[in-house]
Amino acid sequence: MSPVVDREETPRTAAARMTRDPRALQIAVLGALLGCGALLRDFAIRPEQCALAFTAAVATQLAGDRFVASRRANLLSPLITALSLSLLLRADNCWAHPLAAFVAVGAKFVLRVGGKHVFNPGNLGILFALVALPGTWVSPGQWGDDFALVGWFVALGGLVVHRARRADVTGAFLVFHCGALGLRVLWLGQRAAVWLHQLQSGALLLFGFFMISDPMTIPNHPRGRLAHAALVAALAYAWQFALYRPNSLLWALFLAAPAVPLWDALWPATKYQWTHQGGSHAALDVARGGLADGLDLARLGA
């Protein structure tokens with residue numbers, strides 16, 4: 001019997017593995033949005049703030065993987081977190097972004113239920129900064145409200161959630177949230193232009209396509225994701241129109257996060273895995289492999 005050879009991963013195979021990971025596409029899209037926003041929308045974000053956010057996120061991930069998770073580090077997730085903080089969080093100092101990144105990524109290794117981290121890292125980091133760090137804010141109006149921007153958000157965001165196979169939660173949330181806004185417009189007797197103006201929010205689309213769709217912090221089963229999307233939409237509506245508080249989408253996602261273990265318990269399903277770890281199709285691949293093995297055995301028996 002020939003000895004088993006432990007082949008090290010070459011740079012070429014590593015690059016191929018990363019390109020198959022849905023997070024690589026999300027990083028490219030978020031990076032493009034950040035670059036366009038800084039150049040064309042004059043975002044109030046300084047290069048040193050972005051650099052410190054990326055440094056803190058990556059360093060925290062490396063430390064967590066080494067000392068807590070005891071696994072090979074993967075830097076795609078902290079890059080997404082740093083991009084989310086750079087896109088949404090604003091501060092009048094240079095220490096808020098790295099501290100928010102440290103809390104956001106570090107919480108993944110501490111706040112866990114059923115093998116999943118409870119809170120969306122970017123969402124948690126932003127809210128931590130707003131509550132605990134002075135001189136921080138979120139500027140939803142930085143994206144404007146033109147139709148061209150909406151088209152780009154839908155096209156790029158749709159591509160990302162389709163690649164991650166979590167378009168169902170994005171679609172359900174947008175239907176629930178936009179439907180509630182439309183019913184409110186009808187109840188108040190306002191013109192349809194008011195509703196259309198609300199739908200053109202870049203912040204809403206960024207949240208719907210890139211935050212609530214995070215596969216690692218939403219329910220595993222499609223029914224659970226539907227229930228979760230409805231809960232987030234309801235909490236956002238109540239936060240904005242009953243309590244008259246800002247940042248309703250961010251707070252709704254944070255408040256709904258502890259319900260994810262409940263949805264997973266009500267509708268059990270296989271935990272999502274990124275493509276490089278076997279993919280979201282892991283169960284399907286196993287089934288195909290078993291079927292192929294069965295066919296081979298049948299041919300041998302024949």
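# From a surface patch to the core

Leu99 is partly exposed, with a relative accessible area of 32%. In this predicted model, Leu99 belongs to helix H5, which covers residues 96-110. Together with Trp95 and Phe102, Leu99 makes a nonpolar patch of about 300 Å² on the surface. Membership in a patch requires over 30% relative accessible area, and the 32% of Leu99 meets that condition because it lies over the cut-off.

The chain as a whole gives the setting for this patch. The protein chain contains 14 helices and four strands. Its 302 residues include 45% that count as buried. The accessible surface comes to about 15,700 Å², and carbon and sulfur atoms account for 66% of that area. Among contacts in the chain with a separation of 6 or more, 79% are between residues 24 or more positions apart.

The interior comes next. The largest nonpolar core holds 59 residues, and within it Phe173 and Phe210 touch the most other members. Helix H4, residues 76-88, supplies the largest share of this core, with seven residues. A further core of five residues lies apart from it, and its members include Ala107, Phe119, Leu124 and Ala257.

What does Phe210 contact beyond its neighbours within four places in sequence? The list runs from Gln26, Val29, Leu30 and Leu33 to Phe153, Leu156, Gly157, Val160 and Leu205. Met211 follows, in the loop between helix H10 (202-210) and H11. Although Met211 is in a loop, it counts as buried because its relative accessible area is 5%, below the 20% limit. Leaving out residues up to four places away in sequence, Met211 touches Leu88, Asn120, Gly122, Asn123, Ile126, Leu206, Leu250 and Leu253. One of these, Asn123, is 88 residues from Met211 along the chain, yet the two C-alpha atoms are separated by 7.5 Å.

Aromatic rings can be followed in their own right. A pair of aromatic rings is described by the distance of the centres and the angle of the planes. The count for this structure is six aromatic pairs. Tyr237 and Phe241 form one that is tilted, with 4.8 Å from centre to centre and 50° between the planes. Both residues belong to helix H11 (residues 222-242), where they are four residues apart, or about one turn of the helix. Is this pair buried or exposed at each end? Tyr237 is partly exposed, at a relative accessible area of 29%, whereas Phe241, at 15%, counts as buried.

Trp263 and Trp267 make a stacked pair, because their planes are at 25° and their ring centres are 6.1 Å apart. Trp263 is buried at 14% relative accessible area, while Trp267 is partly exposed at 25%. Elsewhere, Phe119, Trp239, Trp251 and Phe254 form one aromatic cluster. Phe119 also appears among the members of the five-residue core.

The charged side chains are the last topic. Four salt bridges are found in the whole structure. One of them joins Arg23 to Asp21, at 2.8 Å from N to O. Both partners are buried: Arg23 has 4% relative accessibility and Asp21 has 0%. Another joins Glu48 to Arg46, again at 2.8 Å from N to O. Here the partners are partly exposed, Glu48 at 35% and Arg46 at 33%.

A further salt bridge pairs Asp168 with Arg225, at 2.8 Å from N to O. Asp168 lies in helix H8 (residues 167-188) and Arg225 in helix H11, so this bridge ties together parts that are 57 residues apart in sequence. Asp168 is partly exposed, with 33% relative accessibility, and Arg225 is buried, with 5%. Helix H11 therefore carries one partner of this bridge, and Tyr237 and Phe241 of the tilted aromatic pair lie in helix H11 as well.

How values were computed: Residues numbered from 1 in each chain as written. Predicted model: local features only at pLDDT ≥ 70, side-chain atom pairs only at ≥ 80, totals over all residues. Heavy atoms only, no water. Patch = residues over 30% accessible without salt bridge, like charges linked within 9 Å, V, L, I, M, F, W, Y side chains within 5 Å. Areas by Shrake-Rupley, 256 points an atom, 1.4 Å probe, with all protein chains shown as cover. Helix = DSSP H or I, 4+ residues; strand = E, 2+ residues; numbered from the N terminus. Buried < 20%, exposed > 50% of the residue type's maximum accessible area, 1.4 Å probe, protein only. Core = buried A, V, L, I, M, F, W, Y, C linked by side-chain atoms within 4.5 Å. Contact = heavy atoms within 4.5 Å. Phe/Tyr/Trp six-rings, centres within 6.5 Å; stacked < 30°, edge-to-face > 60°.
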